[in-house]
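User: Please walk me through the model shown below, with the cut-offs behind each term, as I would like to check the geometry myself.

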Amino acid sequence: MRDNKNYKMTIIKGITISFLWAGSTVVLAKDDCADLTGCAKKACEVNLELLASKRQGNSHKVAGLNKALNNINAYCTNDGLKAELQQKIDDTNSEIEEYKIDLKKAKRQGKHGKVEKYQQKLNEKTKQLQQLTNELNHLNKANGAKWVL
């Protein structure tokens, strides 16, 4: 029950941000959502983008962001976010393995251009994997779960 209360409080904080005046001189950034996790963070970030779009008068983007926010409020669950992150981690791991194979093949064939290309792709995917893992670990930690290795 305590976790549900904390979740509701973070949702309230995220929603509160959405009620800030669109014409306000306050500059908002994603850092305003940094202490939130899961669905609350996702809603907060969409709210910030929504406010910016309203200030810019971008009605098409406002409509899309309102729809996204409604979907987050209706369907987002932390378990769903965890599953989504885990799928992205699995996909990224598969891509890393493919790039390792391609890199070995390029080295064997002496194709230096390809070696550089695959090494760069491997570095990018490794960095992406670390970011995804950190995000999942942060979400798990916020919900009292064990860390993912």
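Analyst: Helices (H or I, at least four residues) and strands (E, at least two) are DSSP runs, numbered from the N terminus. The model is predicted, so local features need pLDDT of at least 70 and side-chain atom pairs count only at pLDDT 80 or more, while totals for chains, interfaces and linings use all residues. Residues are numbered from 1 along each chain as its sequence is written, and side-chain values use heavy atoms, with hydrogens and water left out.

User: What pattern does the chain follow along the sequence?

Analyst: The chain contains five helices and zero strands. Read along the sequence, its pattern is therefore written with helix symbols throughout, as α-α-α-α-α.

User: What share of the 149 residues counts as buried?

Analyst: Buried means under 20% relative accessible area, exposed over 50% and partly exposed in between (1.4 Å probe, protein chains only). As for contacts (heavy atoms within 4.5 Å), residues 24 or more positions apart account for 58% of those with a separation of 6 or more. The buried share of the 149 residues in the chain is 29%.

User: Which residue follows H2, and what is its phi?

Analyst: The 19 residues of H2 should span 27 Å at 1.5 Å a residue (taken as 1.5 Å times one less than the number of residues), and its end C-alpha atoms, 28 Å apart, agree with that. Among the buried residues of H2 are Cys39, Ala40, Ala43, Cys44, Leu48 and Leu51. After H2 comes a residue with positive phi, namely Gly57, near 75 degrees.

User: How far does H4 reach from its first C-alpha to its last, and which residue follows H4?

Analyst: H4 has 32 residues and reaches 46 Å between its first and last C-alpha, close to the expected 46 Å. Its buried residues include Leu81, Leu85, Ile89, Thr92, Ile96, Tyr99, Leu103 and Ala106. An α-helix has 3.6 residues a turn, so residues three or four places apart point the same way. H4 is followed by a residue whose phi is positive, near 70 degrees, and this is Gly110.

User: What is the volume of the largest pocket, and which element gives the largest share of its lining?

Analyst: On a 1 Å grid over the protein atoms alone, a pocket is an open set of points with protein on both sides within 12 Å along at least five of seven lines, and lining residues have an atom within 4 Å of a point. The largest pocket has a volume of about 410 Å³, and of its 16 lining residues the closest to the centre are Gly38, Lys41, Leu81, Leu85 and Glu135. Helix H2 (38–56), helix H4 (78–109) and helix H5 (112–142) each give two or more residues to the lining. The largest share, six residues, comes from H5.

User: Which residues form the one aromatic pair, and why is the pair called tilted?

Analyst: A search of the whole structure finds one such pair, where rings of Phe, Tyr and Trp (its six-membered ring) pair if their centres lie within 6.5 Å, with planes under 30 degrees apart counted as stacked, over 60 as edge-to-face and the rest as tilted. Here the centres are 6.3 Å apart and the planes stand at 40 degrees, so the pair is tilted. One residue lies in H4 and the other in H5, so parts 19 residues apart in sequence are tied together, and both residues are buried. The pair is Tyr99 and Tyr118.

User: Is Val115 buried or exposed, and which residues does it touch?

Analyst: Val115 is found in helix H5, and at 18% relative accessibility it counts as buried. Its C-alpha atom is separated by 8.7 Å from that of Lys105, ten residues away along the chain. Not counting residues up to four places away in sequence, Val115 touches Leu103, Ala106 and Lys107.

User: How far apart in space are the C-alpha atoms of Asp79 and Asn143?

Analyst: Asp79 is in helix H4, where it counts as exposed at 59% relative accessibility. Although Asp79 and Asn143 are 64 residues apart in sequence, their C-alpha separation is 9.9 Å.

Terms used. 1 Å grid on protein atoms, 1.4 Å probe; cavity = no way out; pocket = protein on both sides within 12 Å on 5 of 7 lines; lining within 4 Å. Points joined across faces, edges and corners; volume = space filled by probe spheres on them.
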